[in-house]
Amino acid sequence: MCGIVGYIGKHEAAPIILEGLSKLEYRGYDSTGMAIFDGEKIRIKKSAGRLKVLEELTHGGATMPGVAGIGHTRWATHGVPSDVNAHPHYNEEETIAVVHNGIIENYIPLREKLMSKGYKFTSDTDTEVLAHLIDYYYKGNPLEAITKVMHRVQGSYALGIIFAEHPDQIFAVRKDSPLIVGQNEDGCFIASDVPAILKYTRKVYFIENQEVVRLRADHMHFYNVDEEELPKEPVTIDWDADAAEKGGYEHFMLKEMYEQPKTVTDTLMPRIKDNDIVIEELGMSDEEIRAIRKIFIVACGSAYHTGVTAKYIFEGAARIPVEVDVASEFRYRKPILEEGTMVIVISQSGETADTLAALRESQKLGHKVLGIVNVVGSSIAREADNVMYTWAGPEIAVATTKAYSAQLIALYLLAMKFGKVRGTLAEAEFGSMLEDLKRLPGQIERLLANKERIQRFANRYIGAKDVFFIGRGIDYAISMEGSLKLKEISYIHSEAYAAGELKHGTISLIEEGTLVAAVATQDSLFQKTLSNMVEVKARGAFVLAVTNEGNTDIEKAADYCIYLPKTNQWFTNSLAIIPLQLFGYYVAVGKGCDVDKPRNLAKSVTVE
Ligand code: M6R
């Protein structure tokens, strides 16, 4: 989704903004722009396309002098990606400029009202309404105008705003879209996410909903919507600055796949103490764990897939019924959350609009929510009643890999803990599962080391039209993620099916040479999946099998086999996903796709 960067300070603003925007490219965008106050007036340059177009247009910022400005990468919602619809947007006199991330839901009535007052619109965006509305309320006091606008608009917004009459200030405003501010001795910064300003400062402030920040070169002030000043403490970001860089890898996605052994270790090991699982941040007593009657897991995309995996483990190991729901469905379907229901939301970014809404809906219904979140200080992390962090570090590639792996670990730990406390998981099994968990990082490393073999196989499929992923039980959950990885970055149509469901319709799509990836890691379901493989092979499919070491029987039904090291049946997802991630990655690379920034996608989906 859109990215915002702003700067006011001792240095030229444009190069800092351009560099900051480059660190937000991962969020997904289709046009870019900047507004800089040049000492006389606000100049805007903007363009459809990649950031390099704006860099060329401004000679790396050199043609836009000035020490205060705002910049934007736009992911189109209202109006096509075009020069005109790109942000920033001006008021008519070009004395106010605005960049926006989010959606103004009531922009049509506001636009009509402003037009009736003589305002002229030049773009199709909802954002332009904001520029004119601020102008409408502006009587010399920017803060007053901004807070009046906040009372009028509905929807989500993170805004950067500059006023030609107040060139010593820039403004940041937020409601339901991410925005942070930071400061160093040379100036103050606005950004949608930490990587944009990490080079300049580690001291950041999280802006809460419906707060405004006035930034000057040497200080910042925070206000609520009633213009009352608010106290605010900075948070120190302790990431390694290299964590958000490619570090010699061709793509962030490849680097992040290679970080998975560490991610798994970092999420796992601090929570294993004296052969037990200790999740301090859970905030639940053993009695409360025993009282759980049902678990609702709510998430989107890959995070949803980890929830589907977890259902099998919670039900199997802790004997708690689990319902897993896509957040965009959950929020509108009047879910029945009875007494004793625990709600878990899962999100890498912690900013996914639908997941955040599901969290709020659950709280409104009187239920505590546990957030499994990667980004520290994100909206979900702040609003959940308890937060279990996945220590994956910054994930930049749009296609998630290491955060997905970390989410799985967090869920395994929870399910095992619940099973032990509730007495449904025998002590010996718990102990052997702990040992299996500790072996996962090394096993993932072994699978990653096999990347050339997967690459050779992937090269044969860069021309594929359709690919099917099949599996049963947890293998079905793995198939869903394998299929998503392939389609989102390579643009090849793919579907995941519960293997037994295939012959209820979809098998008619199998023709000579169609690739079917069959995941068969569950011993109790192995023969069943094998039969499904035979069925598709008989209809001409080329079958890629992913199974456990020793299951050589599979070679009767498969054309190509990938063997996984032995682990507990509930943890196979952590291993099986590695070759499937590599497969998706290498098909996309072979096709020449923009792997880290696939078309139409955004890293964090902050609008519904
Ligand atoms: O930040 P979140 O984990 O809430 O994001 C959820 C999905 O948008 C995300 O997993 C998406 O499906 C990824 N592109 C998958 O690679």
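The buried residues of helix α17 pack against three strands, namely β23 (466-471), β25 (515-520) and β26 (542-548). In this predicted model, α17 covers residues 526-538 and so has 13 residues by the numbering used here. From its first C-alpha to its last, the helix reaches 18 Å, close to the 18 Å expected at 1.5 Å a residue. Which residues of α17 are buried? They are Phe526, Thr529, Leu530, Asn532, Met533 and Val536. Seen down the axis of α17, these buried residues fall within an arc of 160°, so they line one face of the helix. A general rule helps to explain such a pattern: an α-helix has 3.6 residues a turn, so residues three or four places apart point the same way. On the other side of α17, Lys528 and Ala538 are exposed. The helix is followed by Gly540, whose phi is positive, near 100°.

The nonpolar cores come next. In soluble globular proteins, nonpolar side chains tend to be buried together. The largest nonpolar core of this model holds 121 residues, and Ile295, Phe314, Ile344, Leu414 and Phe418 touch the most other members. Helix α13 (residues 402-422) gives the most to this core, with twelve residues. What does Phe314 contact, leaving aside its neighbours within four places in sequence? Its contacts are Ile295, Ile297, Arg319, Ile320, Val322, Ile344, Leu411, Leu414, Ala415 and Phe418. A second core, separate from the largest one, has 30 residues, among them Ile96, Val98, Leu110 and Leu133.

A single buried residue may be examined in the same manner. Thr267 has its place in helix α7 (residues 260-268). Is Thr267 buried or exposed? Its relative accessible area is 0%, and Thr267 therefore counts as buried, the cut-off for that term being under 20%. When residues up to four places away in sequence are not counted, Thr267 touches Tyr389, Thr390, Trp391, Ala406, Ile409, Ala410 and Leu413.

The strands may now be considered. Strands of a sheet pair through backbone hydrogen bonds, either parallel or antiparallel. One open sheet of seven strands follows the order β5-β6-β7-β8-β12-β13-β14, and its pairing is antiparallel. At the edges stand β5 (89-90) and β14 (229-230); each has a single partner strand, so one side of each is left without a neighbour in the sheet. Within the sheet, β12 (residues 211-215) and β13 (residues 220-224) pair in the antiparallel sense over five bridges. Leu215 has Met220 in β13 as its bridge partner. Helix α5 (residues 142-152) packs on this sheet, where it touches β7 (155-163), β8 (170-175), β12 and β13. The direction of α5 makes about 155° with that of β12.

Strand β2 (residues 31-37) offers a further example. Seven of its seven residues are buried, so β2 is largely enclosed by the rest of the structure. From β2, Ser31, Gly33, Ala35 and Phe37 point one way, while Thr32, Met34 and Ile36 point the other way, and all are buried. β2 pairs with β3 (residues 42-48) in the antiparallel sense over seven bridges, and Ser31 stands opposite Ala48 in β3. The two strands form a hairpin with four residues between them, and Gly39 in the turn has a positive phi of about 105°. β2 also pairs with β4 in the antiparallel sense, over seven bridges. The bridge partner of Ile36 in β4 is Gly69.

Some details of the backbone remain. Most residues other than glycine have a negative phi, and most peptide bonds are trans. Where does a cis peptide bond occur? It joins His87 and Pro88, with omega at about 5°, and Pro88 lies in the loop between β4 (68-74) and β5. Asp274 has a positive phi of about 50° although it is not a glycine. For Asn275, also a residue other than glycine, phi is positive and near 55°. Asp274 lies in the loop between β16 (272-273) and β17 (276-277), and Asn275 is found in the loop between β16 and β17. Asp274 is exposed, with a relative accessible area of 77%, and Asn275, at 54% relative accessibility, counts as exposed.

Note on methods
Residues numbered from 1 in each chain as written. Predicted model: local features only at pLDDT ≥ 70, side-chain atom pairs only at ≥ 80, totals over all residues. Heavy atoms only, no water. Core = buried A, V, L, I, M, F, W, Y, C linked by side-chain atoms within 4.5 Å. Buried < 20%, exposed > 50% of the residue type's maximum accessible area, 1.4 Å probe, protein only. Contact = heavy atoms within 4.5 Å. Expected span 1.5 Å × (residues − 1). Arc of directions from axis to C-beta. Pairing = 2+ DSSP bridges. Axes fitted to C-alpha atoms, helices over the stretch in contact; angles between N-to-C directions.
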